[in-house]
Amino acid sequence: MVVRFAFQSDLPAVNLLRKQLNDLHVAGKPEIFKPGFPAELRDYLYAVFDDPDKELVVAEQDGSILGFAILNALHRPETPYMFERRYLDVDELCVAESARRQGVGRALIDFIRNYAGVRGFSRVELNMWEFNRDALAFYEALGFTTYRRYMELPVEQEEEK
Ligand SMILES: CC(C)(COP(=O)(O)OP(=O)(O)OC[C@H]1O[C@@H](n2cnc3c(N)ncnc32)[C@H](O)[C@@H]1OP(=O)(O)O)[C@@H](O)C(=O)NCCC(=O)NCCS
């Protein structure tokens, strides 16, 4: 298996994995994620491919795309209450269902960490949905730690009086 930056010819195969990822999010958070895989979602990958601040990384074996990650080089300028921040954000990451637990995800993260170092980023960041316990176990196994949380409180709707 090789981990490398994507070629344009990889994009249809990556979109098949992005559909798996969207289905997982729809199943886990149906009140937020829309079912299906519309043209806008498909075309987003082509925009990523053309964006100089983004990178698409794939894991390939014998011509098959087993996994991918979208990377985003982010720069947050200094504000009155925060220092300037530069970091490499992992926007989407997925391994084909049939190829999981074989080290593909680990190989993607190893590549990303190495690339971040080469590009001078001192940190790789990502956010994930709390329902996705498999992803949390994976990221923690690879050394990621949680430094910020999103929380929610369901509110029952009452009839207006
Ligand atoms: C999360 C995901 C990327 C992991 O990829 P993977 O190739 O299966 O992971 P690896 O085989 O490299 O696993 C590395 C280590 O992470 C941990 N790990 C991975 N998946 C795990 C799981 N489901 N449960 C518990 N630990 C897990 C293990 O410690 C594993 O090492 P081991 O297999 O030697 O025990 C993959 O399950 C996936 O694509 N899930 C669906 C999409 C998704 O959730 N993406 C991330 C959120 S956006």
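Read along the sequence, this protein goes β-α-α-β-β-β-α-β-α, which comes to 4 helices and 5 strands. Keep in mind that you're looking at a predicted model. There's a ligand with 20 residues around it, and the notes below start from the overall build, go through two of the helices and the strands, and finish at the ligand.

**Overall build**

- The C-alpha trace spans about 65 × 40 × 30 Å along its principal axes.
- Of the 161 residues in the protein, 19% are buried.
- Take the contacts between residues at least 6 apart in sequence: 61% of them join residues at least 24 apart.

**Helix α1**

- α1 covers 11–28, and its 18 residues reach 25 Å from first C-alpha to last, close to the 26 Å expected at 1.5 Å a residue.
- Its buried residues are Leu11, Val14, Leu17 and Arg18. Down the helix axis these fall within an arc of 120°, so they line one face of α1.
- That spacing fits a general rule: an α-helix has 3.6 residues a turn, so residues three or four places apart point the same way.
- What do the buried residues of α1 pack against? Their partners are α2 (39–50), β2, β3 and β4.
- Over on the other side of α1, Pro12 and Ala27 are exposed.

**Helix α3**

- α3 runs over 104–118. It has 15 residues and reaches 21 Å from its first C-alpha to its last, close to the 21 Å expected at 1.5 Å a residue.
- Val104, Gly105, Leu108, Ile109 and Ile112 are the buried residues here. They cover an arc of only 135° around the axis, which puts them on the same side of α3.
- The cover over that buried side includes β1 (2–5), β2 (54–61), β3 (64–76), β4, β5 (124–126) and α4.
- Flip to the other side of α3 and you'll find Asn114, Gly117 and Val118 exposed.
- After α3 comes Gly120, with a positive phi near 85°.

**Strand pairing**

- β3 and β4 pair in the antiparallel sense, over 10 bridges. One of the bridge pairs puts Leu71 opposite Val90 of β4.
- Is the pairing of β4 with β5 parallel or antiparallel? β4 and β5 run parallel, joined by 3 bridges, and Leu88 has Val124 of β5 as its bridge partner.
- As a general point for reading the side chains, in a regular strand they alternate between the two faces of the sheet.

**Leu74, a residue to look at in β3**

- Leu74 sits in strand β3.
- Why does Leu74 count as partly exposed? It has 14 other C-beta atoms within 10 Å, and a residue is buried at 20 or more, exposed at 12 or fewer, and partly exposed in between.
- Leaving aside neighbours within four places in sequence, Leu74 is in contact with Arg86, Tyr87 and Asp89.
- Leu74 and Arg86 are 12 residues apart along the chain, yet their C-alpha atoms are separated by 5.6 Å.

**Loop residues with positive phi**

- Asp62 lies in the loop between β2 and β3. Its phi is near 50°, a positive value in a residue other than glycine.
- With 6 C-beta neighbours inside 10 Å, Asp62 counts as exposed.
- Arg101 lies in the loop between β4 and α3, and its phi, near 60°, is also positive in a residue other than glycine.
- Arg101 counts as exposed too, having 9 C-beta neighbours inside 10 Å.

**Around the ligand**

- Which residues come nearest to the ligand? Of the 20 around it, these are Arg100, Gly105, Arg106, Ala137 and Ala141.
- The elements giving two or more residues to this shell are α1, β4 (85–95), α3 and α4 (133–141).
- α4 gives the most, with 5 residues.
- By class, the shell has 11 nonpolar, 4 polar and 5 charged residues.
- Gly105 turns up twice in this briefing: it's among the buried residues of α3 and also among the residues that come nearest to the ligand.

Conventions:
Residues numbered from 1 in each chain as written. Predicted model: local features only at pLDDT ≥ 70, side-chain atom pairs only at ≥ 80, totals over all residues. Near = placed C-beta within 6 Å. Nonpolar A, V, L, I, M, F, W, Y, C, P; charged D, E, K, R; others polar. Expected span 1.5 Å × (residues − 1). Arc of directions from axis to C-beta. Contact = placed C-beta atoms within 7 Å. Pairing = 2+ DSSP bridges.
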